[in-house]
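Hello,

Here is the structure I said I would pass on. Please look it over next to the notes below.

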Amino acid sequence: LFTYRAMPKKVAYYYDGDCGNYYYGQGHPMKPHRIRMTHNLLLNYGLYRKMEVYRPIPASFEEMTKYHSDEYMLFLKNIRPDNMSESSKQMARFNVGEDCPVFDGVYEFCQLSCGGSLAAACKLNQKQADITINWMGGLHHAKKSEASGFCYANDIVLAILELLKHHQRVLYVDIDIHHGDGVEEAFYTTDRVMTCSFHKYGEYFPGTGDLKDVGADKGRYYSLNFPLRDGIDDESYERIFVPVMQRVMESYQPGAVVLQCGADSLTGDRLGCFNLTLRGHGRCVEFLKKFGVPLMLLGGGGYTIRNVSRCWTYETAVALDTDIANELPYNDYFEYFGPDFKLHISPASMINQNTREYLEKTQIRIFEHLRELPAAPGVQMQPIGD
Amino acid sequence: LFTYRAMPKKVAYYYDGDCGNYYYGQGHPMKPHRIRMTHNLLLNYGLYRKMEVYRPIPASFEEMTKYHSDEYMLFLKNIRPDNMSESSKQMARFNVGEDCPVFDGVYEFCQLSCGGSLAAACKLNQKQADITINWMGGLHHAKKSEASGFCYANDIVLAILELLKHHQRVLYVDIDIHHGDGVEEAFYTTDRVMTCSFHKYGEYFPGTGDLKDVGADKGRYYSLNFPLRDGIDDESYERIFVPVMQRVMESYQPGAVVLQCGADSLTGDRLGCFNLTLRGHGRCVEFLKKFGVPLMLLGGGGYTIRNVSRCWTYETAVALDTDIANELPYNDYFEYFGPDFKLHISPASMINQNTREYLEKTQIRIFEHLRELPAAPGVQMQPIGD
Amino acid sequence: AANLTLLADKGTIRVGNKYQAEIPENVKEEEEDENKENGDALVIDEEAQEDAQEEAQEATSQDGAHRKMALTERERIIFHPKHSLTDQEIDQFLIIARAVGTFSRALDTNSSTRFPTLHMVAAAASRDVTLFHALALLHQAKYDLGQAVRYLCPPCNKDTYPFEAEKATGLHTTSLGGPILCRDQLEEWSTAESNLFEEALEKYGKDFHDMRNDYLPWKSVRDLVEYYYMWKTTNRYQESKKQK
Amino acid sequence: AANLTLLADKGTIRVGNKYQAEIPENVKEEEEDENKENGDALVIDEEAQEDAQEEAQEATSQDGAHRKMALTERERIIFHPKHSLTDQEIDQFLIIARAVGTFSRALDTNSSTRFPTLHMVAAAASRDVTLFHALALLHQAKYDLGQAVRYLCPPCNKDTYPFEAEKATGLHTTSLGGPILCRDQLEEWSTAESNLFEEALEKYGKDFHDMRNDYLPWKSVRDLVEYYYMWKTTNRYQESKKQK
Ligand SMILES: [Zn+2]
Ligand SMILES: [Zn+2]
């Protein structure tokens with residue numbers, strides 16, 4: 001089943017068995033169940049036994065209010081389906097109701113997601129792992145005092161704040177199809193966090209992430225946005241992601257990297273419009289991993305859940321430097337993976353509206369922004385190995 | 001299930017899984033299957049795990065002819081149900097045919113039985129065990145060149161010959177209901193083996209074992225026979241066995257003791273007419289064990305097989321100083337032990353034809369014989385403990 | 001994530017105290033590099049997780065060498081790969097765990113009357129919940145197969161079973177004093193309950209809250225959700241789809 | 001023993017070379033007492049039983065102390081009590097062995113179609129043959145539970161299984177590469193074979209020789225005998241008795 005490459009990384013993986021049983025509501029596309037499907041697939045591929053597997057301690061109120069406002073968290077803590085009719089004003093204020101419904105255990109769900117990312121950050125800070133993984137996290141739209149895009153508490157911001165205790169510079173990379181607006185906003189005015197988001201832009205949620213949004217104040221040029229059009233494929237994505245991130249790594253020289261692996265950028269996503277396969281998506285993990293900088297992998301969007309669990313399983317294998325068979329192993333949710341029962345998915349036959357010219361022109365603009373950063377130290381940063 | 005008494009003995013137990021599958025023939029009362037029933041009962045009582053359990057190496061032709069004649073063993077080795085019609089003369093000569101039929105694997109059966117007793121003897125010689133047990137052995141009627149009473153090869157004689165390599169004096173005790181004629185005859189003229197048999201006498205197989213048969217030549221007074229009548233019970237048996245064996249142990253001071261535990265002396269035996277229960281029968285084992293002299297326990301007769309396996313299981317527990325529950329544990333042959341499924345059996349309501357006077361008179365005669373033995377050394381031999 | 005209606009939003013990045021995070025000032029990186037041992041890394045004796053810590057700290061390999069496993073206070077360890085067992089040995093252990101699950105179902109009257117075929121029992125005993133718990137027990141046993149199989153078949157004594165494993169996996173294994181039994185919702189539900197569920201699903205759709213209140217109040221919403229996703233892998237689901 | 005007809009015999013004890021045993025002359029007892037180590041006791045390296053000897057010689061207890069087990073050349077060791085496992089641990093191991101037997105029957109197509117109930121499979125897996133073999137494997141594993149359970153579920157490789165255990169118990173366990181399967185005659189026989197057996201028993205009585213020749217030539221007489229005694233514990237026997 002497995003072949004090893006040289007020097008596998010030490011990987012710490014975070015999961016709480018309860019997280020798959022939260023339910024956003026009938027018809028809601030966000031299904032925490034996909035985390036459990038990923039977990040079970042990891043087990044049956046034998047990947048589980050190759051990692052350190054942890055159950056994180058749920059984040060406390062105090063920990064979540066390191067970023068979020070007390071009022072917002074207090075609201076989340078107390079709101080329940082059976083008392084929400086009395087709280088319509090607050091719900092409007094905190095943007096809870098439609099995209100972000102009140103569901104049973106919503107606060108606990110935030111605690112698990114944030115607890116996982118905080119634990120993953122501590123682990124990296126203490127140099128006890130090379131790569132940490134929390135597929136329960138990556139909820140990049142949540143704002144300081146506002147829910148947004150199915151996200152209530154921003155585990156990413158909390159994790160980055162934790163990393164900043166030990167690292168002068170932290171890099172955030174976001175390959176969800178949606179703009180990582182929550183994280184960008186949280187660090188929009190600081191140079192200690194650089195946020196880079198590759199996303200569909202134009203008549204698309206959340207509407208932010210224009211090429212010309214580069215950060216403000218001390219954070220100017222520390223926000224990077226690569227707006228994309230429908231139908232981008234593995235090849236085009238790699239063609240922009242690799243040089244851009246190569247340049248970012250060289251210029252910014254981060255002490256730690258957080259990669260949000262939103263899987264709604266995959267082909268066939270229920271809410272997405274890109275045309276990536278697991279290989280193109282996973283290539284981003286592979287590329288960032290090679291720099292040898294402490295790396296955190298987080299989940300995020302992803303609404304065709306059989307593909308989400310395929311993707312995150314594959315990316316766990318990438319983190320572990322382990323090849324896994326295309327034939328899916330038997331597992332509790334095997335039937336979800338029919339009719340082919342294969343790991344890898346095929347791209348759709350759709351038009352890639354990202355022309356070569358568009359991508360090149362955008363990249364040139366991005367490189368111009370990057371040149372505005374303070375000059376990088378003499379030593380060039382390079383992927384290790386290969 | 002168990003309670004321990006002080007200082008259990010080191011017990012080595014010999015068994016070959018094949019031995020239960022030999023079959024003397026339709027209607028024949030001797031059923032090697034009883035050995036397997038005993039073995040399975042030992043397992044399920046948890047006694048198996050308290051002993052050293054060995055599979056003996058089958059005795060070789062050379063080993064069996066240490067006592068038996070070459071012609072007789074050669075005959076046994078070659079006779080088969082499908083060639084016996086050509087050998088009627090030899091069969092008559094070696095007394096094979098009726099009581100001792102030709103059956104499939106008769107020679108191998110002898111090899112197992114003798115192999116077990118020889119191994120048990122070696123073990124005692126090498127002081128690697130305090131007690132050795134071979135329920136496959138104890139076939140006391142077999143003669144040097146003749147089968148008799150369901151016995152073909154005399155494992156007891158072979159074992160005693162082995163013990164004589166390391167011990168100046170070996171004591172043989174026989175509590176089968178039948179006279180231990182084969183062993184007595186083998187050692188009738190030597191003082192290095194003393195044979196003591198307690199048996200039904202009078203119109204009963206094999207017809208030998210009269211009180212006045214005491215041995216010949218150098219062996220005079222080294223054969224002891226206690227003839228008994230029908231219906232002897234536990235109390236009467238103990239009343240004679242204990243003082244007689246006490247006196248024998250003191251006078252003879254054996255280096256090793258071999259006890260043939262033929263179970264046809266139990267109440268309800270298909271061929272027997274005594275009225276002993278497991279307690280009376282096992283009391284003999286217990287009594288001899290207390291002298292602390294190397295002890296070998298062998299099987300022998302026993303034709304009500306459910307009681308035979310009860311008896312030998314109980315006596316294994318006695319050897320191990322282990323109490324076992326009266327409730328039988330579940331085992332492969334559980335159904336054989338119905339309707340009560342208890343370990344212990346009750347005496348029958350039958351007349352004990354051994355009057356107190358008869359037993360006392362006989363014992364007095366026996367003691368007279370014992371006084372003819374060379375004076376015992378100064379130190380009195382006594383049971384240890386209690 | 002994306003909004004339910006897929007309509008474009010007119011979001012903006014806002015600047016101000018109400019939007020940005022407060023950045024911590026002091027960076028411990030440098031001192032850390034100089035003196036790793038005295039950094040933030042926890043020392044062993046945190047009371048809360050004492051056992052787990054100890055076990056993690058001493059992952060004793062078979063050759064007697066001790067390897068250190070550090071834990072932060074933010075986690076409870078379930079499994080790690082720093083042991084001397086081979087992949088094959090872990091596979092063997094997982095087969096034993098399935099075997100124990102099969103046997104415990106045979107001893108359990110509820111289970112044994114429930115499965116029409118032996119093959120189905122073995123399949124039930126091979127579900128992921130059994131394997132997850134087995135791996136958690138293997139960790140609690142410090143990767144000693146002998147100790148781990150003792151845990152698979154604990155005597156009737158609380159001291160003989162590592163309840164830490166249940167805390168780690170969040171699973172509830174069954175009562176002590178025999179081979180352990182790990183069951184998930186798919187197996188916990190009776191046929192009557194499954195029928196109720198399907199009836200409720202017909203009526204309410206996937207509104208598990210109402211479904212619970214009206215049909216299955218003795219279950220939790222989480223039980224319903226877990227059951228729902230498992231039920232979708234079964235024949236019953238296939239059949240209910242055909243009927244529509 | 002006694003003669004078939006219970007008639008008294010007129011035996012006599014005879015004297016002469018043809019009747020008495022030849023008594024060995026030299027007695028080794030005294031020297032033995034002086035110097036036990038140099039007596040007849042075997043030293044380890046007898047080729048015939050090399051493996052068994054070695055294993056018996058080194059019954060390693062858990063605390064690392066080595067205890068010596070001596071063997072004579074007349075025996076093959078199956079089990080001994082000089083180990084550091086408790087009775088409870090052996091009970092746990094025997095439950096694991098039954099569990100493995102249950103699971104291996106679930107994987108075995110022959111078995112799984114054969115048993116009408118799960119309880120019957122567990123009963124089949126709890127028969128004495130399984131326990132005997134498990135104890136023999138425990139010995140081969142030097143009373144290390146971890147090694148013993150590896151033996152209960154050997155990989156597809158002859159070096160991973162102690163065939164010495166089969167020599168010790170005389171049992172034939174099944175092919176490697178999965179949980180082991182120990183079956184006795186009662187289980188080995190098909191229903192058709194059982195029917196033939198009963199028909200033959202009706203005709204020949206317990207003349208297993210003729211029964212084999214005419215009805216079941218692919219079985220050995222020993223198989224028939226073993227089966228016969230086991231068959232007597234079954235319902236089939238009870239029913240055949242009633243019919244008479
Ligand atoms: Zn998204
Ligand atoms: Zn007899």
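The notes cover a sheet, one strand and a pair of helices.

Please keep in mind that this is a predicted model.

The sheet is open, has nine strands with mixed pairing, and runs in the order S6(A)-S5(A)-S4(A)-S7(A)-S8(A)-S3(A)-S1(A)-S2(A)-S3(C). Its edge strands are S6 (223-228) of chain A and S3 (75-79) of chain C, each of which pairs on one side only. On average, neighbouring strands are turned by 20° against each other, direction ignored. Within the sheet, S4 (residues 170-174) and S7 (residues 256-260) of chain A are parallel and share five bridges; A:Asp174 has A:Gln260 in S7(A) as its bridge partner. Helix H5 (residues 106-125) of chain A packs on the sheet, where it touches S1, S2, S3 and S8 of chain A together with S3 of chain C. The direction of H5 makes about 180° with that of S3(A).

In chain B, strand S6 (residues 223-228) has six of its six residues buried. B:Ser223, B:Asn225 and B:Pro227 lie on one side, and B:Leu224, B:Phe226 and B:Leu228 on the other. S6(B) pairs with S5 (residues 193-200) of chain B in the parallel sense over six bridges, and B:Asn225 is the bridge partner of B:Ser197.

In chain D, the axes of helices H3 (residues 87-107) and H6 (residues 128-140) come within 10 Å and cross at roughly 120°, so H3(D) and H6(D) are oblique to each other. Their crossing is right-handed. The contact residues include D:Phe93 and D:Leu94 in H3(D) and D:Leu131 and D:Leu135 in H6(D). The residues of this contact divide into eight nonpolar, one polar and two charged.

Regards

Technical notes. Residues numbered from 1 in each chain as written. Chains lettered and ligands numbered in written order. Predicted model: local features only at pLDDT ≥ 70, side-chain atom pairs only at ≥ 80, totals over all residues. Heavy atoms only, no water. Buried < 20%, exposed > 50% of the residue type's maximum accessible area, 1.4 Å probe, protein only. Helix = DSSP H or I, 4+ residues; strand = E, 2+ residues; numbered from the N terminus. Pairing = 2+ DSSP bridges. Axes fitted to C-alpha atoms, helices over the stretch in contact; angles between N-to-C directions. Parallel < 35°, antiparallel > 145°, perpendicular 65-115°, else oblique. Left-handed = near helix turned anticlockwise from the far one by under 90°. Contact = heavy atoms within 4.5 Å. Nonpolar A, V, L, I, M, F, W, Y, C, P; charged D, E, K, R; others polar.
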